[in-house]
Amino acid sequence: MRYQIVGDPTPVVICDIENNESMITEKGSMCWMTPNMEMETSAGGLGKAFGRMFSGESIFQNIYTAKGGPGMIAFASSFPGSIRVVEITPDRPIVVQKSGFLASEAGVELSVFFQKKVASGFFGGEGFIMQKLSGRGTAFLEIDGHAVEYDLKAGERMVVDTGNLAMMDATCTLEIQTVKGVKNMLFGGEGLFNTVVTGPGRIVLQTMPVSGLAAAVAAVLPQKN
């Protein structure tokens with residue numbers, strides 16, 4: 001599979017694949033393709049389907065396969081930002097924000113990822129239920145805004161506002177930290193909780209999460225009486 005990413009600030013990844021090679025997506029993000037690309041919709045097993053639904057994705061996956069010769073298919077980002085390419089291997093799975101998965105080669109497996117700490121589920125918002133990508137193959141992820149990457153050493157931590165964590169190595173761990181000080185909580189404007197990521201592993205942060213943009217737009221819209 002060969003690919004190129006074009007477009008700014010709403011990018012698209014154009015994939016050239018060989019005969020009988022397949023690509024998968026969960027969000028209906030296909031925007032154009034050659035006529036010999038055949039689509040099959042699959043739930044991929046009941047357990048995996050409900051896991052994907054719980055993590056914010058569709059129950060079904062669309063599988064596109066080139067038939068009768070090489071094919072081309074393009075997947076577009078749904079929000080201004082960037083598309084990041086990651087290589088998934090059995091010894092290096094990754095964890096991504098829900099709805100961050102765009103498309104991948106068929107060898108990549110998707111499953112729901114839960115944090116070990118229950119408190120993260122109640123207070124972490126987007127930082128709690130995420131998707132785990134394992135197996136082997138190339139995957140394409142949607143990043144809201146610009147991507148900034150850090151490599152955390154063992155025990156090294158990064159405090160991240162909810163929604164700004166786009167991706168992390170599965171070796172990292174998450175927990176939710178309450179903002180200190182009653183005045184900071186009530187008047188700081190930064191919310192009540194932060195996500196704390198602990199290494200070792202790589203993390204990718206995004207500068208403009210959809211949830212943050214939606215809140216900013218809603219704040220300036222006229223209110224209905």
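A disulfide here is a pair of cysteine sulfur atoms within 2.5 Å. By that rule, the count for this predicted model comes to zero. Cys 15 shows how a cysteine misses the cut-off: the closest cysteine sulfur to its own belongs to Cys 31 and sits 9.9 Å away, which is too far for a bond. Cys 15 is also tucked out of reach of the probe, so to speak, and counts as buried because its relative accessibility is 0%. Cys 172 counts as buried too, in this case because its relative accessibility is 3%.

Next comes the open sheet. This sheet has six strands, and reading across it gives the order β5-β6-β3-β10-β13-β8, with antiparallel pairing. At the edges sit β5 (37–42) and β8 (81–88), each of which pairs on one side only. Going from one strand to its neighbour, the average turn is 20°, with direction ignored. For edge strand β8, the partner is β13 (residues 137–144). The two pair in the antiparallel sense, and eight bridges hold the pairing together on paper. One of the facing pairs puts Ile 88 opposite Gly 137 in β13.

Then there is strand β9, which covers residues 94–97. What does β9 pair with? One partner is β12 (residues 130–135), joined to β9 in the antiparallel sense over four bridges. Along that pairing, Ile 94 stands opposite Leu 133 in β12. Another partner is β16 (residues 165–169), which runs antiparallel to β9 and is joined to it by three bridges. Here Val 95 faces a residue of β16, namely Met 168. Taken one after the other along β9, then, Ile 94 looks across to β12, while Val 95 looks across to β16.

Finally, a word on Val 12, a residue of strand β2 (residues 12–17). Is Val 12 buried or exposed? With a relative accessible area of 9%, Val 12 is buried, since anything under 20% counts that way. Its surroundings bring in residues from elsewhere in the sequence. Setting aside neighbours within four places, Val 12 is in contact with Gln 4, Ile 5 and Val 6, with Cys 31 and Trp 32, with Ala 74, Phe 75 and Ala 76, and with Ile 83. Cys 31, one of these contacts, is the residue whose sulfur is the closest cysteine sulfur to that of Cys 15. The chain also brings Val 12 and Ser 77 together in space: they are 65 residues apart along the chain, yet their C-alpha atoms are separated by 6.0 Å.

Notes:
Residues are numbered from 1 along each chain as its sequence is written. This is a predicted model: local features need pLDDT of at least 70, side-chain atom pairs count only at pLDDT 80 or more; totals for chains, interfaces and linings use all residues. Side-chain values use heavy atoms; hydrogens and water are left out. Buried means under 20% relative accessible area, exposed over 50%, partly exposed in between (1.4 Å probe, protein chains only). Two strands pair if DSSP finds at least two bridges between them. Contact means heavy atoms within 4.5 Å. Axes are lines fitted to C-alpha atoms, for helices over the stretch in contact, and angles run from 0 to 180 degrees between N-to-C directions.
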